[in-house]
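Hi everyone, thanks for making time this morning. I'd like to walk you through one model, going from the chains down to single side chains.

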Amino acid sequence: MSKEAVLLELRHVGKYFGGLRAVDDINIKVESGDLHCLLGPNGAGKSTIFKMIMGIYKPTNGSVFFNQRNVTHLKSWDRVKLGISIKMQTPGVFGELTVYENMKIAVQHFTRHAEVKSEVSRLLELLMIRDLKDELVDNLSHGQQQWLEIGMALACKPKLLLLDEPAAGMGPEETDRTAELIRQLNQQGITILFIDHDMAFVKKLARNTTVLHLGRKFAEGTVEEIETNQQVVDIYLGKS
Amino acid sequence: MEDLLYQFMNNFAFLILSAIGLAVIFGMMKIINLAHGEFIMLGAYIATLATKAGIPLLLSILLSVVGVGIFGLIVDRLIISRLYGRTLDSVVVTWGVSLVMQQGILILFGPSLETLSTPLGSISIGGSDYSLYRILLFVTAIVLLILLYLLFTKTTFGLHSRAAMQNAEIARSMGVNTNRIYSFTFSIGAALAGLTGALYAPTMAVSPTFGGGFLMPSFVTVIVGGANPLIGPSLSGGVLGVVSTGLDATWGTFFGRLGLLVVAILVIRIMPLGFSGLVEKLSVRKSRG
Amino acid sequence: MNNRKKRKSLSLLLVFVLVLAGILSGCGKSSGSNDDSKTIKLGVLEDRSGDFSLVGIQKYHAAQLAVEEINKQGGLLGKKVQMVAPDTQSDNKRYQEMAKRLILQDKVAAIMGAFSSASREAIRPIMDQNKMLYFYNNQYEGGVADNMTFNTGAIPEHQMVPLIQYMIKKFGPRVYTIAADYNFGQISAQWVKKTVEANGGKLVNEEFIPLGVSQFSSTISRIKKAKPDVLVTLLVGQDQSSFYEQWSKSGDKSIPMASTVNMAQAYEHKRFAAPALANMYVTATFMEELDQKYPSAKKFVDKFYKKFPNDKYVGMEAESEYTGIMLWAKAVKKAKSTDTDKVIKALESGISYDGPAGPVTIDPKTHHAIRNVYLVHTDAKQKVHIDTEWKDVKPDWLSKEKNVDLTKKQEAKQYTPLK
Amino acid sequence: MLVKLNTENIVAVLIFLFFFVYPVLVDAYSVMNLAYFLSMVFLSLSLSLIWGYCGIFSFGQAVFFGISGYFYAVFTLNSGITTLTPLGLILGVLIGGVIAWILGYFMFYGGVNDVFVGLITLCLTLVLETFMGQTAGDQWMIGQVNLGGFNGINSIPSLQIGSFILTGNSFYYFVLLILLAVFIFLKWFEFSKLGIAVVAIRENRERTKLLGYNVPFIQSLVFAMGGALASLSGIFYVLWGNYITPSAFGLASATIPVVLVAAGGRKNVTAALLFTVLYYWFSQTLSASGSEYALIILGLVLIVAILFVPNGLIASLFHAGDQLFFREHSKSLLRKKGAKTL
């Protein structure tokens, strides 16, 4: 594994809330072009790690590297400009604006004025929600909101896309479409790091996996390796 | 030294008593009550008029507490209850209430009342006189904090209201009638303001603008104290009391007053949740660590 | 559906009404003013609500009394005097709005009013700009030299100088001043200092208290430490007047207090329970209690209470307002016109009115009043005793030390002893 | 830019037409009076911009109003050259903006938001009132100008362009033209690139950061624009009355813009404009009537307005008008129909 290929690296990262160690001494490497999954039960610290990658939380210790650059002290918006983008667990869309307006807010910041409209159309097309353009976002289904949010994250032209439970609350058909979308994006060259605990979904998508438990790294490897790791099955997969 | 202590007791009592009603309402309901000063004024009027009518002072003070409490309940039922959760609208409405109250009192009772005399006389320590009543105000402030502590920790109402404060939705889903809790809270806040007015009525000139003098210290105390209506005021009252007594004694009243405001601004910037936020952080660390 | 439509049209109606009201308010009133009407309009700007209403309402009532009397005696120049009196709400902005309104829309002949110096300074330039005759009938810190402005109230020459002289002579040289921290307090404190030094006294300390402060424990402790012979209190407003009750409980009541602001304006000796105001010495140009000794005062007090039986006190500002209006009326009669220049000329002729507090004469050079001053003090029960009287005290600081002569030189500024 | 036909825009056009012909219809007093109301409109618009558009709740607009008023007074009285008064106006507005920027930087980069911005600005207003109130002494001189304590500063020169002094109608039209310019700017701004980012910040601050927007920077920028607008208001007030006092920083001065914008409709600049003018007219009429019930009526009107028309009195009327005449049902906060106008 050549060093240049590592897009994201967490070195000894920890996050303590008061005395609570939400994340403790985590090392993760995500290679460029990877489709990587963070796996773990509730409270394992997955979302906390995402928030530290995005700069929403400051790590208590350790550093975050992106493209060989130490970004630990960068603000969220600067990280977005470097090419990290996120879809959060709870939808962060603007409910009282239309789908188009939501996309426009995201797109206009990274696209030249004349191209905003076509870029929005392109993304809406990609996300299969073009017909909903003028709908108020509050009237959308949960799944549609998730897609919209993925679209908004894509509008930032990311190199690394963080997806926190991209298929949460979706029916089987929607889940499949989401998986297909993610694979497609990855093929276009976007490195993807996602959180999920639906093993079937993970199996379908992920190449590499990191398993977290109680804020610590528990295991890592390809999906197949993880699946056959007895300890992982015991603490996590067995329960789900 | 006795002098400084006496001044500190005075400042502490004034800060705590002026803030306590506001702190309860702001902390529990997130309502900024701009009519707080007028509630205090109403308390002072009830106490003064009752005492003038021949009712003993202690009973008059009680009457103020009950009277303003009931008034608070009415205001809540008629107006505030429709604005729960709308912090900023409450600013406008309570400002309207304060206009109505101030001018209403002016029309009803004229621009001024004959004041009462401070009861209890004074004691002499080291050749200097100190008002006993004012020392008693200090004691009252502390007793009040303890009573509130008991109310909010040892009673069902307290339990429910703290639940409602932390998460109204969850509290509701667990069968707590949050609207009744809020009504009660507002009425208690009003009653406390009434008490403050009644307690200070015998030491100050009573007029429709009586409440104005309480507004600034009360807001500063609540801001510095933060959301928790118990921990907040007691800590900020202590700290601000020391700050203003110190500045006052060294550089005079102007700096004492300015100091309060500057401390408030710095506190919001450094720890927006005030002392109660700080205490909660520390206690979490202690219990987990 | 029908219901909804109704509501909609109702709200539309509301818009229409609002817009219409706006338009009408603009046009409607402008046609109302008419120079040849049968009345002479007198503008009165006093605070009937807000912080200063305690004195403002007294003054407003005194103005009503004066206008009523003038009309009873046949009015002025064969016309009735009509008082136009908006409520200025103790708000300086409101003073400006209403002053302009009185001048430009109501076209009044003269304007009486303002309590605080800040209110006066807010409207004085407007008077100058519009050549409007203005009476500031109020005690103040002195120093206004303005051709358009006349003052019938007390100024430091009337009150402060005799008071401090008297106190030093009677009680000793060591003086401690506490004053409200704004223009009135600062300038008055300067007068105290000046007078103390001129009379061989010693100013132990002067302390300025921000407006709105109502808690005085540190101030009281400083005064007690300094042990002065005389405590001069120049506190202003309801909040600051809380000092007296607090002083009576933890202060040293054997120290006599001297003041120019208390009792005669806001009757603290009647509002505060004894002994808060005990042992206080005050100089005043009028007080209700003068009726014990002076028939003219008694006549005025009786008239006032007959018309306003629910009022609690008639103080020196009420008297100034009443006297101011009477002086203006006398000048209008003398000038046989309401023309501003002619009335000012008449006023500058040394016109005099024998009012409730004795004769009040306009000093032509300074536009201030030559009038009697009374010194009173309170006993332990806050009963008022009249000690002395100075007759025809002249307001001559401006003319003597600042060379002001308004009959010769145009001016529109306030001099202070600060520099 | 495409101007959409709806009640708000029609009313706005009518209002401005009415304002332009107003001096022909009425006497000099009424013109000056409306000039005063219009001066205060800028203060409401400043809050409308930062609160209505960007969600920053501030009690501090009075701070910039007062500071720039004092600055203009000190600058012009010291310079003594009346042709420099326009420079005083421009510098005053800039300084108000810069101070707002600094204050915004202090707050927003420190993570102070929501109601705490309101509280911090309230404290600051009171600090300035307390401080300016005690500047009566002769140590408080800036150049030749005494700050004047509670009495403030008077006889401040009017605006003079070349040798032409702006008073009466010319002052009125000057204020009106600038108001029109600011108004059009605000309407344009609402749908500009920055304006859309600002609405996003109002709706969800954290999310907007994750779309790559430097939120504290934009907040500070908008706050500075609000400060500049409030400063404009303060200087116009000074020009109208030739006078400024610390009561410009008082609690009442700090509260009134909040009250006006909330009761009129905070997300709508036309509503803020109309309601401000109506409010000042109404409260002045009540005051002039000398009625002791003036303040009671005023208080009750505000209470009733907030209780029964929570989205703002005027804004709700606009909404009703839209539904009736234009069958407009889009509830989007940007209110325009998607792609056509955005």
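I'll start with how the chains meet, then turn to cavities, salt bridges and a few individual residues.

One thing to keep in mind throughout: what you see on the screen is a predicted model.

Let's begin with the chains. Five pairs of chains are in contact, and of these, chains C and D share the most contacts. Chain A and chain C, on the other hand, do not touch, and 24 Å lies between their nearest C-alpha atoms.

Next, the empty space inside. How many cavities of 30 Å³ or more does the structure hold? The count is 12. I'd like to look at the second largest cavity, which has about 310 Å³ of space. Its lining is made of 20 residues, and those closest to the centre are B:Asn11, B:Phe14, B:Arg257, B:Leu260 and C:Gln215. If you want to trace that lining by helix, chain B brings in helix H1 (2–29), helix H9 (212–225), helix H10 (231–251) and helix H11 (253–270), while chain C brings in helix H7 (217–226), and each of these supplies at least two residues.

Now for the charged side chains. Over all chains, a search of the structure finds 33 salt bridges. I've picked out a few for you.

In chain A, A:Asp24 and A:Arg21 pair up through their side chains, with an N to O distance of 3.7 Å. Are these two residues buried, exposed or partly exposed? A:Asp24 counts as buried because its relative accessibility is 10%. A:Arg21 has 48% relative accessibility, so it counts as partly exposed.

Over in chain D, D:Glu8 and D:Lys187 form a salt bridge whose closest N and O atoms are 2.5 Å apart. This pair links distant parts of the chain: D:Glu8 sits in helix H1 (residues 7–25) and D:Lys187 in helix H6 (residues 168–190), 179 residues apart. D:Glu8 is buried, at 4% relative accessible area, and D:Lys187 is buried too, at 13%.

Chain C has a network of salt bridges, linking C:Arg120, C:Glu121, C:Arg124, C:Glu141 and C:Asp146.

Staying with chain C, there is also a salt bridge between C:Glu245 and C:Lys249, where the closest N and O atoms are 3.4 Å apart. Why are these two separated by about one helical turn? Because they are four residues apart in helix H9 (residues 242–250) of chain C. C:Glu245 is buried with a relative accessible area of 4%, and C:Lys249 counts as buried at 8% relative accessibility.

That helix deserves a moment of its own. Nine of the nine residues of H9(C) are buried, so the helix is largely enclosed by the rest of the structure. Besides the salt-bridge pair, its buried residues include C:Phe243, C:Tyr244 and C:Trp247.

C:Tyr244 takes us to another residue, because that is where the side chain of C:Asn262 makes a polar contact, at 2.4 Å. C:Asn262 lies in the loop between strand E10 (257–259) and helix H10 (268–271) of chain C. With a relative accessible area of 2%, C:Asn262 is buried. Leaving out residues up to four places away in sequence, C:Asn262 touches C:Thr233, C:Tyr244, C:Glu268, C:Met280 and C:Val282.

Another loop residue in chain C is C:Asp311, found between helix H11 (295–307) and helix H12 (316–335). What is the nearest side chain of opposite charge to C:Asp311? It is C:Lys312, at 8.1 Å, and C:Asp311 is buried yet has no salt bridge. The side chain of C:Asp311 does make a polar contact with the side chain of C:His61, at 2.6 Å. Setting aside neighbours within four places in sequence, C:Asp311 is in contact with C:His61, C:Phe304 and C:Tyr305.

Last stop, back in chain D: D:Phe131, in helix H5 (residues 115–133). D:Phe131 counts as partly exposed, with 26% relative accessibility. Which residues does D:Phe131 touch, not counting those up to four places away in sequence? They are B:Phe254 and D:Trp140. The C-alpha atoms of D:Phe131 and D:Pro246 are separated by 8.6 Å, and the two residues are 115 residues apart along the chain.

That's my tour, and I'm happy to go back to any of these spots on the screen.

Conventions: Residues are numbered from 1 along each chain as its sequence is written. Chains are lettered from A and ligands numbered from 1 in the order in which they are written. This is a predicted model: local features need pLDDT of at least 70, side-chain atom pairs count only at pLDDT 80 or more; totals for chains, interfaces and linings use all residues. Side-chain values use heavy atoms; hydrogens and water are left out. Buried means under 20% relative accessible area, exposed over 50%, partly exposed in between (1.4 Å probe, protein chains only). Lys and Arg count as positive and Asp and Glu as negative; His and the chain ends are not counted. A salt bridge is a side-chain nitrogen of Lys or Arg within 4 Å of a carboxyl oxygen of Asp or Glu. A polar contact is a pair of N or O atoms within 3.5 Å; within protein, one must be able to donate a hydrogen and the other to accept it, and residues adjacent in sequence count only if both atoms are side-chain atoms. Contact means heavy atoms within 4.5 Å. On a 1 Å grid over the protein atoms alone, a cavity is a set of points where a 1.4 Å probe fits but cannot get out, and a pocket is an open set with protein on both sides within 12 Å along at least five of seven lines; lining residues have an atom within 4 Å of a point. Grid points are joined across faces, edges and corners, and a volume is the space filled by probe spheres set on the points.
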